[in-house]
Each structure stands twice: as C-alpha cells, then as structure tokens.
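Me: I'd like to go through a model with you and ask what earns each label its place. Could you set the values against the cut-offs for me?

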Amino acid sequence: MLRVLSLGAGVQSTTLALMAAHGEITPMPDCAIFADTQDEGQETYEHLRWLVSVLPFPVYHPTRGRLSDALFAGDDEARIPAFVEGSGLAKRQCTRNFKIRVIRREVRRVLGARPRSYIAPRTVEQWIGISIDEADRQKPSGVRFIVNRWPLLERGMRRSDCARWLLEQYRRRAPKSSCIYCGFQSDEQWLHRKNTAPEDFGKACAVDARLRSPENVARFRGRLFLHRSCIPLQEIDFTAFVAKRRRQLDLLSNECECLC
C-alpha cells in the first residue's frame, strides 16, 4: 500500500506531517502531496518551504496552473466560492478540480500508472488532516483505489491541540491555508491578510473587482463579490466588522447560560 499525506500546509496537515515524522503516527507516509493552486498566500509558501526542509519523506507539489488565470480564461472548472448579489453563495468547482483531481493525478504518477489505467482497490491510503472539531468534513475518496484515513480523528485531536503541539515541538505557528481570495475567509482572516500581507490583499482586491467586469457579470449572471456583505473588498472596514462580531459574541455569552 502506498501511503500519501494530503498536505494543505495549514495547522492540521502540518501537525499531522510532523507527528508522522516524529513516529507519533505510524507507519510513516511514503510521501506528501501539496496541490498548488499558485494562488496561496506568501505566508503559506514560506511555511511550506520550511516544512519540506524538515520532513524525512518527499513532498510533491503538482499544479494544474494558476487558478485565477483559469477562472478568468473562461474555465468553469475553476469557479471559486463567491457571493452573488441578492442570491447567496455561487457554486464552486475549484476544490475538486484544482486540489482533489490534481492529487489523484499525482498519485497515479507516483504509482507509475497511466491516466485512466486500472489500479486495484485500496492500493493507496490517503491521510487527511481533519480534526474532531470539523469531523463533518469526512468523506470517502470517491475512487476505489484510494481509501481515506484521518489520523487526527483517531487521536481525538482538535485544531487547538494541533496548534499547541506545533508550538511546543517547533515554536512555530502555521498559517491558515487558503487561496488569497477565497470567499470562505473570516473577517479576522481578511484583516490579518490586509495588515500583514498587503501585496496578497491587493491581488485579492483585483480578483474581486474583476469578477464584476461587464463580461463576467454576463458570464456569471450577476455581480459577484468575495465578501458575504457584497461590498467591494477594497471598501470594507474589516476592523469594524471584527469588532461588531465580538460585541455580538459578548452579548450572547452574557445572556446565555449554556443550558439549552
């Protein structure tokens, strides 16, 4: 069996990879695969370079190309999570086509298998860094030759446990991995990116604005925004958004006795 670690280079998958390197999760994977959309933040790429340097097994980073280039070239398989004005969240295709399928293709390459050739069931065990606070994300691989395994769930680890382990063992904090313009980012993430990576934030603003060019409004049948407020990214006061959310949480904690 080929054991492959699906590496996103965020907190959970980083901890999973390093725990395997320490022998705390066995057996050691044969390799890790980082499917590169070419649109991750610079913080993630810097962290990935460090991680590759300390792991005892190889890390491959295949790519299908730059996701944002494919999106604006008219590739519907590159659709990203964005909000349609007055209609909610648009359907996305990016994870399946620029992450999952890229990893499967790389697995075939590692096995020496031709595209579409037969591979026996359960030939590959794919490790995925899902922690118990997001256990609802567990899904089968979708192909018979890959069986998924979730070692962090086996150990009952939360995301906070992963962050604590990483800090204790390496004195490091892993960045949250996502494309710089991902619509699933929280206001705290947007604010962090704006304050610490202005170049990445500027690129995200450019993608956001381009989504509303006349040709893309026609193509997507509506005006798309990267933020759920449907306000242009460049115009949002994320500090105010974060403060408002914290006030709401404070009010909830004062009123709720946590008995329901």
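**Labels and their reasons**

Reply: Happy to! Let's start with a facing pair: Phe83 stands opposite Phe225, a residue of β8. Please keep in mind that this is a predicted model.

Me: What makes β4 and β8 a pair of strands?

Reply: Pairing needs at least two bridges found by DSSP. Strand β4 (residues 83-84) is joined to β8 by two bridges, so the two strands pair, and they run antiparallel.

Me: Which sheet do they belong to, and why are some strands called edge strands?

Reply: They sit in an open sheet of three strands, ordered β5-β4-β8 with antiparallel pairing. The edge strands are β5 (88-89) and β8 (224-225), as each pairs on one side only.

Me: Now the aromatic rings. Why is the pair of Trp165 and Tyr170 called tilted?

Reply: The structure holds six aromatic pairs. In this one, the centres are 6.2 Å apart, within the 6.5 Å limit, so the rings pair. Their planes make an angle of 50 degrees, which is neither under 30 degrees (stacked) nor over 60 (edge-to-face), so the label is tilted.

Me: How do you know whether Trp165 and Tyr170 are buried or exposed?

Reply: Trp165 has a relative accessible area of 9%, which is under 20%, so Trp165 is buried. Tyr170 has 25% relative accessibility; that lies between 20% and 50%, so Tyr170 counts as partly exposed. Both residues also belong to one aromatic cluster with Trp50.

Me: What makes the pair of Trp190 and Phe201 edge-to-face?

Reply: The angle between the planes is 80 degrees, over the cut-off of 60, so this pair is edge-to-face. The centre-to-centre distance is 6.4 Å, within 6.5 Å. Trp190 lies in helix α7 (residues 187-196) and Phe201 in helix α8 (residues 198-210), eleven residues apart. Both Trp190 and Phe201 are buried.

Me: Last one: how do you know that Arg104 has no salt bridge?

Reply: Arg104 is found in helix α4 (residues 94-111). Its nearest side chain of opposite charge, Glu77, is 11 Å away, whereas a salt bridge must be within 4 Å, so Arg104 has none although it is buried.

Me: And what makes its approach to Ser141 a polar contact?

Reply: A polar atom of the Arg104 side chain lies 2.8 Å from the backbone oxygen of Ser141, within the 3.5 Å cut-off, so the two form a polar contact. Beyond its neighbours within four places in sequence, Arg104 is in contact with Ser141, Gly142, Val143 and Ile146.

Notes:
Residues are numbered from 1 along each chain as its sequence is written. This is a predicted model: local features need pLDDT of at least 70, side-chain atom pairs count only at pLDDT 80 or more; totals for chains, interfaces and linings use all residues. Side-chain values use heavy atoms; hydrogens and water are left out. Helices (H or I, at least four residues) and strands (E, at least two) are DSSP runs, numbered from the N terminus. Buried means under 20% relative accessible area, exposed over 50%, partly exposed in between (1.4 Å probe, protein chains only). Lys and Arg count as positive and Asp and Glu as negative; His and the chain ends are not counted. A polar contact is a pair of N or O atoms within 3.5 Å; within protein, one must be able to donate a hydrogen and the other to accept it, and residues adjacent in sequence count only if both atoms are side-chain atoms. Contact means heavy atoms within 4.5 Å.
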